Amino acid sequence: MTTEHTTAVPASAEPAAPAAPAPVRFDTKIAVLLREDLESWQRLNVTAFLVSGLGSRAPEVIGEPYADADDTPYLPMFRQPVLVFEGGKETLTAAHGRALARSLPRSVFTSDLFATGNDRDNRAAVRAVPTSQLDLVGIAVYGPRNAVDKVLKGARMHP
């Protein structure tokens, strides 16, 4: 008669499950602040226009190009999330002033731009109005996370 012996393997000797990758935390933030009274189509349009300028001023925000399993190439996108906020006209004006005071890269969209149809006219519409009188409907800012948080004081996350 033979006796089978099994040797228990201590839990510490078992292979460890691969650790989940640590969440990526960025030292910087990309944020868009929209005026709360915009219609849905305006919110989307303004957001797209506002973030389009950030990559040219801050190329480090752009990641690597994409490709699918068939090697079909796609354009690179931002390497980090874009957070969208909303607030009243006063919140937008205050945030704009704080972004200027901190010299953060920023883009603006004014109500006048809804009536133009091209880049030349957009730039002319902004150029025609002094900073303090811009009728802002949206701004985008990029910079150190804490600085952007201070710029957005009083704004709330977009629903």
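## Strand β1 and its partners

Leucine 34 has glycine 138 in β6 as its bridge partner. The model in which this pair occurs is a predicted one. Another residue of the protein facing β6 is valine 32, which stands opposite alanine 140. β1 and β6 run antiparallel and are joined by seven bridges. With β4, β1 runs parallel, and six bridges join the two strands; isoleucine 30 stands opposite valine 82 in β4.

β1 is mostly covered, with eight of its eight residues buried. Thr28, Ile30, Val32 and Leu34 point one way from the strand, while Lys29, Ala31, Leu33 and Arg35 point the other way. In a regular strand, side chains alternate between the two faces of the sheet. Both sets in β1 are buried, Lys29 and Arg35 included. β6 is mostly covered as well: eight of its nine residues are buried.

## The sheet

Five strands make up an open sheet of mixed pairing, in the order β5-β6-β1-β4-β7. β5 and β7 (156-157) are at the edges; each has a single partner strand, so one side of each has no neighbour in the sheet. Strands of a sheet pair through backbone hydrogen bonds, either parallel or antiparallel.

At one edge, β5 pairs with β6 in the antiparallel sense over five bridges. Serine 107 stands opposite alanine 140 in β6, and alanine 140 is also the residue opposite valine 32. At the other edge, β4 (residues 82-87) and β7 pair in the antiparallel sense over two bridges, with glutamate 86 opposite arginine 156 in β7.

## Overall make-up

The protein has five helices and seven strands. Read from the N terminus, the order of elements is β-α-α-β-β-β-α-β-α-β-α-β. Among contacts with a separation of 6 or more, 75% join residues 24 or more positions apart.

Of the 159 residues, 32% count as buried. The protein exposes about 10,700 Å², of which carbon and sulfur atoms supply 56%.

## Nonpolar cores

In soluble globular proteins, nonpolar side chains tend to be buried together. Here the largest nonpolar core has 16 residues, and those with the most contacts inside it are Val32, Leu34, Val46, Leu50, Phe109 and Tyr142. The elements giving two or more residues to this core are β1 (28-35), α1 (40-52) and β6 (136-144). A second, separate core has 15 residues, including Ala99, Leu134, Leu136 and Val148.

Two members of the largest core show how its parts meet. Leaving out residues up to four places away in sequence, leucine 34 touches Arg43, Val46, Thr47, Leu50, Val84, Phe85, Glu86, Gly87, Leu92, Val137, Gly138 and His158. Valine 46 is found in helix α1 and counts as buried because its relative accessibility is 0%. Beyond its neighbours within four places in sequence, valine 46 is in contact with Leu34, Leu38, Phe109, Phe114, Val137 and Gly138. Valine 46 and phenylalanine 109 are 63 residues apart along the chain, yet their C-alpha atoms are separated by 6.6 Å.

## Largest pocket

Rolling a probe the size of a water molecule over the atoms shows where empty space is left. About 370 Å³ of space lies in the largest pocket. It is lined by 18 residues, and the closest to its centre are Ser107, Val108, Phe109, Leu113 and Val126. The elements that give two or more residues to the lining are α1, α3, β5 and α4 (119-127).

Two of the residues closest to the pocket centre have been met above. Ser107 is the residue of the edge pairing that stands opposite alanine 140, and Phe109 is among the residues with the most contacts inside the largest core.

## Positive phi in two loops

Most residues other than glycine have a negative phi. Aspartate 71 is not a glycine, but its phi is positive, about 65°. Aspartate 71 lies in the loop between β2 (66-67) and β3 (73-74). Its relative accessibility is 63%, so aspartate 71 counts as exposed.

Serine 103 likewise has a positive phi, of about 55°, although it is not a glycine. The loop that holds serine 103 runs between α3 (89-101) and β5 (106-110). Serine 103 counts as exposed because its relative accessibility is 55%.

Notes:
Residues numbered from 1 in each chain as written. Predicted model: local features only at pLDDT ≥ 70, side-chain atom pairs only at ≥ 80, totals over all residues. Heavy atoms only, no water. Helix = DSSP H or I, 4+ residues; strand = E, 2+ residues; numbered from the N terminus. Buried < 20%, exposed > 50% of the residue type's maximum accessible area, 1.4 Å probe, protein only. Core = buried A, V, L, I, M, F, W, Y, C linked by side-chain atoms within 4.5 Å. Contact = heavy atoms within 4.5 Å. Areas by Shrake-Rupley, 256 points an atom, 1.4 Å probe, with all protein chains shown as cover. Pairing = 2+ DSSP bridges. 1 Å grid on protein atoms, 1.4 Å probe; cavity = no way out; pocket = protein on both sides within 12 Å on 5 of 7 lines; lining within 4 Å. Points joined across faces, edges and corners; volume = space filled by probe spheres on them.
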